Amino acid sequence: MTQHWILGPGAIGRLLAYTITPVAAVTLIGRRTLPDRQALTTPEGERQVQSLNVTTSEQLRHEAPVPPAYLHITTKAMAAEAALESLAGIIHPSTPLVLWQNGFSAQPHITRAWTGPVLCATTTEGAYLSGNEDVVHAGRGHTFVGDLDNRHGELVEALVHTLTQAGLAATAVNDIRKRLWQKLAVNAAINPLVALHGIRNGELRGDAYSGQVAAVVKEVAAILRAEGIPPPSGQGEQAWLALVWQVVTSTANNKASMLQDREAKRTTERGAILGPLIESARRHGLSCDVLKALDAEIAALEADYLAS
Ligand SMILES: NC(=O)C1=CN([C@@H]2O[C@H](COP(=O)(O)OP(=O)(O)OC[C@H]3O[C@@H](n4cnc5c(N)ncnc54)[C@H](OP(=O)(O)O)[C@@H]3O)[C@@H](O)[C@H]2O)C=CC1
Ligand SMILES: CC(C)(CO)C(=O)C(=O)O
């Protein structure tokens, strides 16, 4: 059986481990010990329990594990490189990686630094944790998999086959860079504003916030034009705005991930979402005062609650 190691036993990591275990050999790796009996509540509300092969990077150091065919990294973006580093000397540097992060920071950095293949996955599956032994699969979505340089088509296809066999809708693509930026654009327009104002996504449609969404999208659209990233359908700023309102409406009742991070007093993914946009604006000589102000406000908020 193909060995899949999943590093980062959070919502996406546990969803993947739980789902792939029936069709492949899975090892779920954390930095602290977790129970091996893990429950998953399906989108239909059924709670199922399964034994997973759960371990820590420290424990792996004392074993002689079968090398994995894929190492999935399912930490938050800012933790991905340190998590990978924690397996130095345990996995071979030619091991194929699969990065599941939102944003566009871990992907280019790790693709440049890792000597083996690096695949990227972008997913609209929705999951959240409910304790040390429970994950809730809140909504089914679709996963797109590719690699930034389109050099690893066979590995991508084989992974997509496994995900599909496991019941996760997945497609191999040759434009993963574009898809990652498109998702980042939507995240940049929604996440910082809802986190700062403490509101659910749908509330952005109100008079108090809709102008702020439009101001963010104006800057994001100009930056993505300079990056050569088109909206998924239509053209220009209006198409980006329409996409954002479509996602706001379809996720109206959601607490976005950045708001959940704020409420749980965790570091947010602002560096992976706003960071690449601000850096791109700098490279292309574009102004991005709205994005910079949002980034500074989130940074101040984080510093405040992380210190308390
Ligand atoms: N949840 C979702 O529905 C979706 C998430 N994503 C993206 O997927 C990524 C993961 O998100 P999500 O699963 O929600 O995040 P979580 O915060 O639920 O999980 C992150 C996990 O990473 C673990 N971790 C952190 N550092 C290390 C380390 N050094 N070694 C091992 N494990 C480590 C954490 O462990 P610990 O418990 O010890 O802190 C935690 O279990 C993010 O980039 C997110 O944007 C994308 C689409 C949907
Ligand atoms: C699309 C959105 C904003 C849905 O909540 C999301 O991906 C997130 O919460 O990070």
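**From strand β6 outward: two sheets and two ligand shells**

In strand β6 (residues 70–73), the side chains alternate: Tyr70 and His72 point one way, Leu71 and Ile73 point the other way, and all of these residues are buried. The model in which this strand is found is a predicted one, and the account that follows begins at β6, works through the sheet that contains this strand, and then turns to a second sheet and to the ligands.

On one side, β6 is joined to strand β1 (residues 3–7) by four bridges, and the two strands run parallel; within this pairing, His4 stands opposite Tyr70. Strand β6 also pairs in the parallel sense with strand β7 (residues 97–99), here over three bridges, and in this case His72 of β6 has Val98 of β7 as its bridge partner. Between β6 and β7 the chain passes through helix α3 (residues 80–85), and the resulting β-α-β crossover is right-handed.

The path continues from β7 in a similar vein, since β7, helix α4 (residues 106–113) and β8 make up a β-α-β unit that is right-handed. Three bridges connect β7 with β8 in the parallel sense, and Val98, already met as the partner of His72, has Leu119 as its bridge partner in β8. Strand β8 itself, which spans residues 118–123, is mostly covered, with six of its six residues buried. Its side chains also alternate, for Val118, Cys120 and Thr122 point one way whereas Leu119, Ala121 and Thr123 point the other way.

Beyond β8 the sense of pairing changes: four bridges join β8 to strand β11 (residues 143–146), and these two strands run antiparallel, with Thr122 standing opposite Phe144 of β11. Both senses belong to the general repertoire, because strands of a sheet pair through backbone hydrogen bonds in either a parallel or an antiparallel arrangement. Returning to β1, one finds that five bridges join this strand to strand β2 (residues 25–30), again with the two running parallel, and that Trp5 stands opposite Thr27 in β2.

Taken together, these pairings belong to an open sheet of eight strands, whose order is β5-β2-β1-β6-β7-β8-β11-β12 and whose pairing is mixed. At its edges lie β5 (54–56) and β12 (170–172), each of which pairs on one side only. From one strand of this sheet to the next, the twist averages 25°.

A second open sheet has four strands in the order β4-β3-β10-β9, and here too the pairing is mixed. Its edge strands are β4 (47–51) and β9 (126–129), each pairing on one side only, and neighbouring strands of this sheet are turned against each other by 25° on average, direction ignored. Within this sheet, strand β3 (residues 37–41) and β4 pair in the antiparallel sense over five bridges, and Leu40 has Gln48 in β4 as its bridge partner.

Which elements of the fold supply residues to the shell around ligand 1? Helix α1 (11–20), helix α3 and strand β9 each supply at least two, so that α3, the helix on the crossover from β6 to β7, reappears here, as does β9, an edge strand of the four-stranded sheet. The shell consists of 28 residues, the closest of which are Gly8, Gly10, Ile12, Ala83 and Asn102. By class, it has 11 nonpolar, 12 polar and five charged residues.

Ligand 2 is surrounded by Val186, Asn187, Ile190, Asn191, Asn201, Val247, Thr251, Asn254, Ala256 and Ser257. Helix α6 (residues 176–197) provides the largest share of this shell, namely four residues. In terms of class, the shell around ligand 2 has four nonpolar and six polar residues, and no charged ones.

It remains to place these parts within the whole protein, which contains 11 helices and 12 strands. Along the principal axes, its C-alpha atoms fill a box of roughly 55 × 40 × 40 Å. Because a compact globule of 308 residues would have a radius of gyration near 19 Å, the 19 Å of this protein agrees with that expectation. Of the 308 residues, 41% count as buried, and the residues of β6 and of β8 are among them.

Notes:
Residues are numbered from 1 along each chain as its sequence is written. Chains are lettered from A and ligands numbered from 1 in the order in which they are written. This is a predicted model: local features need pLDDT of at least 70, side-chain atom pairs count only at pLDDT 80 or more; totals for chains, interfaces and linings use all residues. Two strands pair if DSSP finds at least two bridges between them. Axes are lines fitted to C-alpha atoms, for helices over the stretch in contact, and angles run from 0 to 180 degrees between N-to-C directions. A residue is near a molecule or strand if its C-beta atom, placed from the backbone, lies within 6 Å of it. Ala, Val, Leu, Ile, Met, Phe, Trp, Tyr, Cys and Pro count as nonpolar, Asp, Glu, Lys and Arg as charged, and the others, Gly among them, as polar. A residue is buried if 20 or more other C-beta atoms lie within 10 Å of its own, exposed if 12 or fewer, and partly exposed in between; C-beta atoms are placed from the backbone. A crossover is right-handed if, with the strands pointing away from the viewer, the path from the first strand over the helix to the second runs clockwise. The radius of gyration is taken over C-alpha atoms; the globule rule is 2.2 Å times the number of residues to the power 0.38.
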